[in-house]
Every structure is written in C-alpha cells, then in structure tokens.
Amino acid sequence: MSTSKEQRRQEEEQSTARERLHQREQQQAINRSLDETKNNIRRATDEARKDIPHYTQAVSEYQEETIQAARQMADNYLESQREIINSMQSALLPQIEAANRAVTSNWTTPRHVTEHYARLVSAFADNTIAMTKLVNNAMFANLEAFKRSVQNARDNLKEFSKIGVNNAKTFEQVARETTANATTTFSP
C-alpha cells in the first residue's frame with residue numbers, strides 16, 4: 001500500500017509540475033502578446049509623433065489663410081466702399097451741398113456724412129480683424145483643453161490600471177489561501 005501512496009504522490013507531483021509548466025507557458029504567451037501589443041502601440045505613437053510637424057504646419061497654414069482672408073475681405077470691402085463714396089461724391093456732392101447750405105447746418109453735409117460713413121467702414125474692418133484673432137484664440141484654447149483632457153485620461157487610466165492590478169493580486173492571494181486551506185483540510 002505504501003507503493004500505491006508513493007505512486008499517487010509522484011503522480012500528484014508530476015501533475016503539479018505539469019500544471020506549473022502549463023501555467024508558465026501560458027504566462028509567457030500572455031507576456032509575449034502584451035509585449036507585442038506594447039511594441040505596436042509604440043510604433044503607432046512614433047508614427048503619430050512623426051505627423052506632428054505636418055499638423056503644426058497645417059494649423060499654421062490655416063491661421064495664415066484665415067488672417068489673409070480676413071485682411072482681403074476687409075480690403076475688398078474698404079475698396080468697394082471707397083468706390084461707392086467717390087461715385088456718390090462726384091455725382092451728387094455739388095448739388096446736395098448747394099441745397100444743404102440753403103436749408104441746414106454744416107453737420108449734415110454730404111461731406112460730413114461721408115466721413116462718418118468712412119469711419120464706420122473702418123470700424124467694420126477693424127472688427128473683422130479682431131474677430132479673426134478671437135477665433136484663433138478660441139481654437140488654441142480648445143487645443144489646450146483637449147491636451148489637458150488627454151493628460152487627465154492618461155492619469156486616470158494609470159490609476160484604473162493600478163486598481164485592476166491590486167484587485168488581481170488580492171484575488172490571487174485569496175485563491176492561493178483558499179487552495180492551501182482546501183489542500184490541508186482534505187489531505188489524508
């Protein structure tokens with residue numbers, strides 16, 4: 001009977017050794033898979049990092065185009081207003097001034113009205129440029145907010161990962177203690 005107990009013990013040891021070997025092989029396969037995933041992520045982030053100058057250039061070009069477009073819109077608007085004012089002045093100014101001198105005071109003359117209108121046009125152009133600056137500032141603020149949200153997500157994921165690792169270690173410890181207690185309880 002002692003040989004059968006001895007054989008059973010050897011079989012259990014061999015079985016335990018096979019289980020440990022199998023567990024090590026599984027752990028190595030998991031580690032290889034995780035390392036491969038980690039390498040793939042590094043490659044992807046390196047490729048994304050290579051695109052940063054392109055994105056920076058695209059944002060810079062966008063801003064340049066926006067500023068240039070605002071300037072051209074203001075210039076075009078001002079030129080059209082200049083042509084309108086000049087046409088009106090040359091055609092109507094002498095007649096209107098003559099009529100106004102007879103009836104009204106000097107502040108309502110077409111020349112004064114034209115000057116006020118020209119100031120309004122100038123203010124419109126200035127506001128267009130200011131609005132372009134505001135849009136660009138808002139874009140940069142949004143980019144900064146996005147950057148912060150990515151940093152927060154990274155930090156939060158790190159904490160969630162720690163929680164998961166701690167839970168897994170606790171589960172492992174409880175499982176080992178349970179297995180050890182069950183083994184000592186059922187040992188003949």
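1. A residue is called buried when its relative accessible area is under 20%, exposed when that area is over 50%, and partly exposed in between, with a 1.4 Å probe and protein chains only. By this measure, buried residues make up 9% of the 188 residues in the chain. The model is a predicted one, in which local features need pLDDT of at least 70 and side-chain atom pairs count only at pLDDT 80 or more, while totals for chains, interfaces and linings use all residues. Residues are numbered from 1 along each chain as its sequence is written, and side-chain values use heavy atoms, with hydrogens and water left out.

2. On the overall fold, the secondary structure comes to 3 helices and 0 strands, where helices (H or I, at least four residues) and strands (E, at least two) are DSSP runs, numbered from the N terminus. Followed along the sequence, the chain therefore reads as the pattern α-α-α. Helix 2 covers residues 52–103, and helix 3 covers residues 110–186.

3. On the salt bridges, a bridge is counted when a side-chain nitrogen of Lys or Arg lies within 4 Å of a carboxyl oxygen of Asp or Glu, and a search of the whole structure finds 8 of them. One of these joins arginine 9 to glutamate 6, with the closest N and O atoms 2.5 Å apart. These two residues are separated by about one helical turn because they stand 3 residues apart in helix 1. Arginine 9 counts as partly exposed because its relative accessibility is 38%, and glutamate 6 is also partly exposed, at 32%.

4. Another bridge in helix 1 links aspartate 46 with arginine 49, and here the closest N and O atoms are 3.0 Å apart. The spacing is again 3 residues, so aspartate 46 and arginine 49 are separated by about one helical turn. Aspartate 46 is partly exposed, with a relative accessible area of 39%, whereas arginine 49 is exposed, with 52%.

5. In helix 2, arginine 82 and glutamate 79 lie 3 residues apart, about one turn of the helix, and their side chains meet in a salt bridge of 3.2 Å, N to O. Arginine 82 is partly exposed, with a relative accessible area of 48%, and glutamate 79 counts as partly exposed at 37%. Salt bridges that share partners also join Glu6, Arg9 and Glu13 into one network.

6. On the aromatic residues, how many pairs does the rule give? Rings of Phe, Tyr and Trp (its six-membered ring) pair if their centres lie within 6.5 Å, and planes under 30 degrees apart count as stacked, over 60 as edge-to-face and the rest as tilted; by this rule the count comes to 1 aromatic pair. Tyrosine 77 and phenylalanine 124 form this tilted pair, with 4.7 Å from centre to centre and 55° between the planes. The pair links distant parts of the chain, since tyrosine 77 sits in helix 2 and phenylalanine 124 in helix 3, 47 residues apart. Tyrosine 77 is partly exposed, with a relative accessible area of 28%, and phenylalanine 124 counts as partly exposed at 43%.

7. On the surface, Tyr62, Met131, Leu134 and Val135 make a nonpolar patch of about 390 Å². Patches are made of residues with over 30% relative accessible area and no salt bridge, with like charges joined within 9 Å and nonpolar side chains (Val, Leu, Ile, Met, Phe, Trp, Tyr) within 5 Å. Helix 3 gives the largest share of the nonpolar patch, 3 residues. Leucine 134 is found in helix 3 and counts as exposed because its relative accessibility is 53%.

8. On empty space, the largest pocket holds about 590 Å³. A pocket is found on a 1 Å grid over the protein atoms alone, as an open set of points where a 1.4 Å probe fits, with protein on both sides within 12 Å along at least five of seven lines, and lining residues have an atom within 4 Å of a point. Of the 13 residues that line the largest pocket, the closest to its centre are Ile52, Tyr55, Phe146, Lys147 and Val150. Helix 1 (2–50), helix 2 and helix 3 each supply at least two residues of this lining, and the largest share, 6 residues, comes from helix 3.

Note on methods: Accessible areas come from the Shrake-Rupley method with a 1.4 Å probe; for residues, only the protein chains shown count as cover. Grid points are joined across faces, edges and corners, and a volume is the space filled by probe spheres set on the points.
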